Amino acid sequence: MNQITSGRGPKTPIRRALISVYDKTGLEDLASGLHAAGVEITSTGSTAARISAAGVPVTKVEELTGFPECLDGRVKTLHPAVHAGLLADTANPEHEAQLAQLGIEPFQLVVSNLYPFEATVASGASPEQCVEQIDIGGPAMVRAAAKNHGSVTVITEPARYADVLAALAEGGFTLDQRRHLAAEAFAHTAAYDLAVASWFAASYAPDEIGRDVGWPEVAGALWRRADVLRYGENPHQRAALYKDLSAERAGLTQSGQASGIAAAELLHGKPMSYNNYVDADAARRAVYDFAEPCVAIIKHSNPCGIAIGTDLADAHAKANACDPVSAFGGVIAANGQVTAALARQIAEVFTEVVIAPGFDAEALDILSKSKNVRLLLCRLGGDDPPQTPPGLGGTFPSGPPALPSGGNLLAGLELRQISGGILLQTVDRVREPGDDPANWELKAGPAVTPAQLADLAFAWKACRSVKSNAILLASGGASVGVGMGQVNRVDSARLAVLRAGERAAGSVAASDAYFPFADGFEILAEAGVAAVAEPGGSIRDHLTITAAQDAGVALYFTGVRHFYH
């Protein structure tokens, strides 16, 4: 949470505070500090009980309103005696006169946080329990105080209580500070309302299309600025990092469940750049699919080497051997704890970023000797890889899907901005039936050996992290040649063979999409590739099958495509 500066504008002394919080973290210390400063405290229900138990005088809200709390606490603060005290502009003489006429005292401070709707949904609670956690009075108070920030300070996070106590000693908050806190408050209620609206649209009350295909009528997300970067993709572009608030508000950050590159911890090195983040995310995407020890080396969002091994040091050595020239200045991701042995290998080549779910103490010491390398601790688990929301995967051959139950529709989805809108899609996983080699169909050539099939399975999974058109050659659980990002599959095949050199002979190959003609396949066969896995599905598949039969190359159809643009 950002520190609020002293700012400009007159300070408003705090004489009267209204406190109503679900999260009671730090409540006793706050109430004690307010009382010591001579502030009169009004509070509600269990909040008032907690304050009173701490030995701090407190006025219950029903004493203020003359109306009892009712309907199981649904109605507590929705009363003119409360909201007139929140919304009165004390700089307006007419408002002051009306307050005096009504016998209502204004509040200068509101402290409120809301029922845990997002956490309740994330817990798998029943729809009735989720609905009951939709706060009404809390958002009304927060929004009223935020609107009237000229006269009232609003606090929505326990982390701000220290700021309140500091302001008490300095005569109150300045106008600039109250504006800043009002902005936080509106973001707080906006995120809350967005979570409720998303849950209604996606799960509780979807429209007919939403029920049929799993896409709700409305979708949204709220991001919080986490860092301002030196520049964007190029020096003339500005850039910043924003984090999705949904995990934070559902309590996942506190419980250690938040993951992904945006949530990674920088253990050593200079601040991350825009391009560092892009490549780091691509590296994470490449390795975190594998159960075996896996290392990927990424340049410009593409793997210049990826391998599995007996351990991570072995995997890195094989990945680096694929294209050692391109590995210089690369971004490395490992799907396990970085050991001293791996760290010593990495230290031999200039590397921009190393991403892993853990680092040994000795490995940290070795890698930290370079001031230029950035070491990122990136959690493995939770949404690694991101989970597809229930009912938003595949083509729904079994009928309408179950809609996501969480309040955050965008969890497990990929977003791409286009002019005037965004595209959403479920994350491409290597989890379709066609991703299992047991379901592949041998279309031509001899059946491969178990070792070759293992290499084909590795190549198929690794190929998903290569930008289309993608051809990946593999041998011994490692890439030996990668052709990526070409506008036709022939050039990608040529590039993969060129980079593999003599290693192409006897290797296996994966293609992320079908060969529209036989020419791309023929380049692989002429280089001595022993087996190829590809989706199939072209109207000219018969040409590729014939070429494979003539060359004696095993050709497997997977039935699933993995474009990556």
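**Figure 1. E40, at 39% relative accessibility, counts as partly exposed.** The model is predicted. The side chain of E40 meets that of R16 in a salt bridge, with an N to O distance of 3.6 Å. R16 lies in strand 1 (residues 16-21) and E40 lies in strand 2 (residues 40-43), so the bridge ties together parts that are 24 residues apart in sequence. R16 has a relative accessible area of 6% and is therefore buried. The view thus pairs a buried arginine with a partly exposed glutamate. The cut-off for buried is under 20% relative accessible area, so 6% falls below it and 39% does not.

**Figure 2. The whole chain, for orientation.** The chain has 565 residues, and buried residues make up 47% of them. Its secondary structure comes to 21 helices and 21 strands. Along the principal axes, the C-alpha atoms fill a box of roughly 100 × 55 × 40 Å. A search of the whole structure finds 14 salt bridges. The same kind of search for aromatic pairs finds 11.

**Figure 3. F117 and W199 form an edge-to-face aromatic pair.** This pair comes from a search of the whole structure that finds 11 aromatic pairs. The ring centres of F117 and W199 are 5.6 Å apart and the planes stand at 75°, so the pair is edge-to-face. F117 lies in helix 6 (residues 117-122), W199 in helix 10 (residues 175-204), and so the contact ties together parts that are 82 residues apart in sequence. F117 is buried, at a relative accessible area of 0%. W199 is buried as well, at 3%. The angle for edge-to-face is over 60 degrees, so 75° qualifies.

**Figure 4. F117 and W199 belong to an aromatic cluster.** Which residues form the cluster? F117, Y192, W199, F200 and Y204 form it as one group. Among these members, F117 has a relative accessible area of 0%, and W199 has one of 3%. Both values are under 20%, so F117 and W199 count as buried.

**Figure 5. D491 and R494 form a salt bridge in helix 19.** The closest N and O atoms of D491 and R494 are 3.0 Å apart. Helix 19 spans residues 489-500. D491 and R494 are three residues apart there, so about one helical turn separates them. Are the two side chains buried or partly exposed? D491 is partly exposed, at 28% relative accessibility. R494 is partly exposed too, at 48%. Elsewhere, salt bridges that share partners join R160, D163 and E184 into one network.

**Figure 6. R160 and D163 form a salt bridge.** The closest N and O atoms of R160 and D163 lie 3.0 Å apart. R160 is buried, with a relative accessible area of 3%. D163 counts as partly exposed, at 22% relative accessibility. The limit for buried is under 20%, so D163 at 22% is not in that class.

**Figure 7. A patch of negative charge on the surface gathers D519, E522, E526 and D550.** Which helix gives the most to the patch? Helix 20 (residues 519-526) does, with three residues. D550 is found in helix 21 (residues 541-551). D550 has a relative accessible area of 65% and is therefore exposed. Exposed means over 50%, so 65% clears the cut-off.

**Figure 8. W223, Y242, L415 and I422 make a nonpolar surface patch.** The patch is about 400 Å². W223 has its place in strand 6 (residues 223-229). W223 counts as partly exposed, at 41% relative accessibility. Patch residues need over 30% relative accessible area, so W223 passes at 41%.

**Figure 9. R143 and L86 are 57 residues apart in sequence.** How many ångströms lie between their C-alpha atoms in space? The C-alpha to C-alpha distance is 9.6 Å. R143 is found in helix 8 (residues 137-147). The relative accessible area of R143 is 43%, so R143 is partly exposed.

Notes:
Residues are numbered from 1 along each chain as its sequence is written. This is a predicted model: local features need pLDDT of at least 70, side-chain atom pairs count only at pLDDT 80 or more; totals for chains, interfaces and linings use all residues. Side-chain values use heavy atoms; hydrogens and water are left out. Patches are made of residues with over 30% relative accessible area and no salt bridge: like charges are joined within 9 Å, nonpolar side chains (Val, Leu, Ile, Met, Phe, Trp, Tyr) within 5 Å. Accessible areas come from the Shrake-Rupley method with a 1.4 Å probe; for residues, only the protein chains shown count as cover. A salt bridge is a side-chain nitrogen of Lys or Arg within 4 Å of a carboxyl oxygen of Asp or Glu. Lys and Arg count as positive and Asp and Glu as negative; His and the chain ends are not counted. The place of a charge is taken as NZ of Lys, CZ of Arg, CG of Asp or CD of Glu. Helices (H or I, at least four residues) and strands (E, at least two) are DSSP runs, numbered from the N terminus. Buried means under 20% relative accessible area, exposed over 50%, partly exposed in between (1.4 Å probe, protein chains only). Rings of Phe, Tyr and Trp (its six-membered ring) pair if their centres lie within 6.5 Å; planes under 30 degrees apart count as stacked, over 60 as edge-to-face and the rest as tilted.
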